[in-house]
Structure formats: C-alpha cells, structure tokens
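Here are some exercises to work through with the model open in your viewer. Try each task before you read the solution below it.

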Amino acid sequence: MSNSENEFSISKADVEKFKRFDIQHRKCPVGPVADKYAYTFVPTSLGVAITVKCSCGQKILLGDVWDKDIVGVIEEEHKPMTEQDLANQRFEDDALGIIRLKDPNVYRMVFNAEQSFDIIYAYAMGVAEKADERISKAILYRIGLDEYYGTKQNYPGNDTENIQRFYTHFEQNIRDEIKKYNCKNIELLDELYPKESLWR
Ligand SMILES: [Zn+2]
C-alpha cells in the first residue's frame, strides 16, 4: 500500500485490522505469480474504501467508508475460507442470479423483454447444469410424478402463475438449504426473507 499521486491514508485502526486479518490468513496459499492479497481501492465522497482479498477468497474492508461500527473486526467474520465456504458462496450467487429475475424490472434489464416463464425456466436450467446440485434440487421440473408415479405437468397455468409456482418452490428449497449452515449473504437473505429484519 504505497502512496502515489493519489494520496490516501490508512488509519491506525485499519492497520490493526489488517494485521489481525494477516495473522488469521497466515496459512493461505501464495501463488507462484499472483500476490497473496489483492487490493481494490474505490474513491468515494466519504473517503477511500479499500478491499483486501486473500488468495483463499476471504475479504476485509478497510478505509474511512466502512470504518466504525459497520465493520467491527470480528475475527469469525474473516476466517480463511474453506472449500465448503467457497462452494456455499457459489451456490448463493447462483441462487441469487435466478431469484433476481423474479423482479420484472430486473428481468427487463437483463433480457430486454417482458417476463416469460419459458426463459426463466431455461435460464435456471442453464445455471443448474454448471452449479452444485443444490440448485437443480431446488427447481420444480416441468414434468413431475404424481402419487401413483404417473407423470404430471407441474406448470399448467399461464406465465404469471407458472413463474409464481416456480419461485415459490425454488425459494422454499433455497431457504431450507441455507438453514443448514450459517449463510451471511445479506442480498440473498433480503430476497428470501423480505419482511424480516432480524438478519441485519
Ligand atoms: Zn486467506
């Protein structure tokens, strides 16, 4: 973190935070080419926000913007990431990508068209193909089995009804999955529990 023409300062508190982060991440790998830590500097009206990302994927926010209470350094929050943490993070991102399309405005921005169940379904299937199995498990497939093991159509309604049906099923399954571990993805929690404030 050297000074250039764009000078910024790092507070003593930040230096302390970073030292503690560095100690926690002592054992994380240092690549042959890349540095162990990647720094991102974002100038804002409140100061320079600094994100330091370790090779394990964990990040810490420094700088005036997030100082004070928002990011108290709780060591638990900045633990080195395990394979499972990374898998959970990818799973959450994939789930969030699908859930966001429920909002007609987001959908319009992404596809430049009016919402269509077929497209949402196709998109979700595409994500599921590359994602971990928790995504495909959360999808209500077009054809299901009835109680006599005969096939039944799961989406007999119009577009609006089918989209609703898809998301009711999907979101419930994602909620069940993230209950199994300590999910801290605020964006995802906001989508899944829009009226509850206890996550904050
Ligand atoms: Zn690390």
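**Exercise 1. Find the residue in β2 that is the bridge partner of Tyr-39, and work out how the strands around this pair are arranged.**

Solution. Keep in mind that this is a predicted model.

Step 1. Tyr-39 has Val-52 of β2 as its bridge partner.

Step 2. Widen the view to the two strands: β1 (residues 37-44) and β2 (residues 47-54) are joined by eight bridges and pair in the antiparallel sense.

Step 3. Now look for the next strand. β2 and β3 also run antiparallel, with five bridges between them. Within this pairing, Lys-53 is matched with Lys-59 of β3.

Step 4. Put the pairs together. The three strands make an open sheet with the order β1-β2-β3, and the pairing is antiparallel. β1 and β3 (59-63) each have a single partner strand and stand at the edges, so each has one side without a neighbour in the sheet. From one strand to the next, the twist averages 20 degrees.

Step 5. Add the helix. α1 (residues 12-24) packs on this sheet and touches β2 and β3, its direction making about 165 degrees with that of β3.

**Exercise 2. Decide whether strand β1 lies largely in the open or is buried.**

Solution.

Step 1. The cut-off needed here is that a buried residue has 20 or more other C-beta atoms within 10 Å of its own.

Step 2. Apply it along the strand. Of the eight residues of β1, the number buried is zero, so the strand lies largely in the open.

Step 3. Set this beside the whole chain: buried residues are 16% of the 200 residues in the protein.

**Exercise 3. Locate the largest nonpolar core and say which elements build it.**

Solution.

Step 1. Start from a general expectation: nonpolar side chains in soluble globular proteins tend to be buried together.

Step 2. In this model the largest nonpolar core holds 17 residues, and those with the most contacts inside it are Ala-95, Ile-98, Ile-120, Ile-135, Phe-170 and Ile-174.

Step 3. Assign the core to elements. Two or more residues each come from α2 (83-100), α4 (117-130), α5 (133-138) and α6 (159-178). The biggest share is that of α6, with five residues.

Step 4. Zoom in on Ile-174. Apart from neighbours within four places in sequence, Ile-174 is in contact with Ala-95, Ala-138 and Leu-192.

Step 5. Check for another core. There is a second, separate one of five residues, and among them are Ile-50, Val-52, Ile-60 and Leu-62. Val-52 is already familiar as the partner of Tyr-39.

**Exercise 4. Classify how α4 packs against α2 and against α6: roughly parallel or roughly antiparallel?**

Solution.

Step 1. Two cut-offs are needed: angles under 35 degrees count as roughly parallel, and those over 145 as roughly antiparallel.

Step 2. For α2 and α4, the angle is about 175 degrees and the axes are 10 Å apart. These two helices are therefore roughly antiparallel.

Step 3. List who meets whom: Asp-94, Gly-97 and Ile-98 of α2 face Tyr-123, Ala-124 and Val-127 of α4. By type, the residues of this contact are four nonpolar, one polar and one charged.

Step 4. For α4 and α6, the angle is about 30 degrees, with the axes 9 Å apart. This pair is therefore roughly parallel.

Step 5. Here α4 contributes Phe-117, Ile-120 and Tyr-121, while α6 contributes Asp-159, Asn-162, Ile-163 and Phe-166. The residues of the contact divide into five nonpolar, one polar and one charged.

**Exercise 5. Asn-112 has a positive phi, and Tyr-149 does too. Find where each residue sits and classify its exposure.**

Solution.

Step 1. Recall the background: most residues other than glycine have a negative phi.

Step 2. Phi of Asn-112 is near 55 degrees. Asn-112 belongs to the loop between α3 (104-111) and α4. Asn-112 has 7 C-beta neighbours inside 10 Å and so counts as exposed.

Step 3. Phi of Tyr-149 is near 60 degrees. Tyr-149 lies in the loop between β4 (143-145) and β5 (151-153). With 6 C-beta neighbours inside 10 Å, Tyr-149 counts as exposed.

Notes
Residues are numbered from 1 along each chain as its sequence is written. This is a predicted model: local features need pLDDT of at least 70, side-chain atom pairs count only at pLDDT 80 or more; totals for chains, interfaces and linings use all residues. A nonpolar core is a set of buried Ala, Val, Leu, Ile, Met, Phe, Trp, Tyr and Cys residues joined through C-beta atoms within 7 Å. A residue is buried if 20 or more other C-beta atoms lie within 10 Å of its own, exposed if 12 or fewer, and partly exposed in between; C-beta atoms are placed from the backbone. Helices (H or I, at least four residues) and strands (E, at least two) are DSSP runs, numbered from the N terminus. Two residues are in contact if their C-beta atoms, placed from the backbone, lie within 7 Å. Two strands pair if DSSP finds at least two bridges between them. Axes are lines fitted to C-alpha atoms, for helices over the stretch in contact, and angles run from 0 to 180 degrees between N-to-C directions. Angles under 35 degrees count as roughly parallel, over 145 as roughly antiparallel, 65 to 115 as roughly perpendicular and the rest as oblique. Ala, Val, Leu, Ile, Met, Phe, Trp, Tyr, Cys and Pro count as nonpolar, Asp, Glu, Lys and Arg as charged, and the others, Gly among them, as polar.
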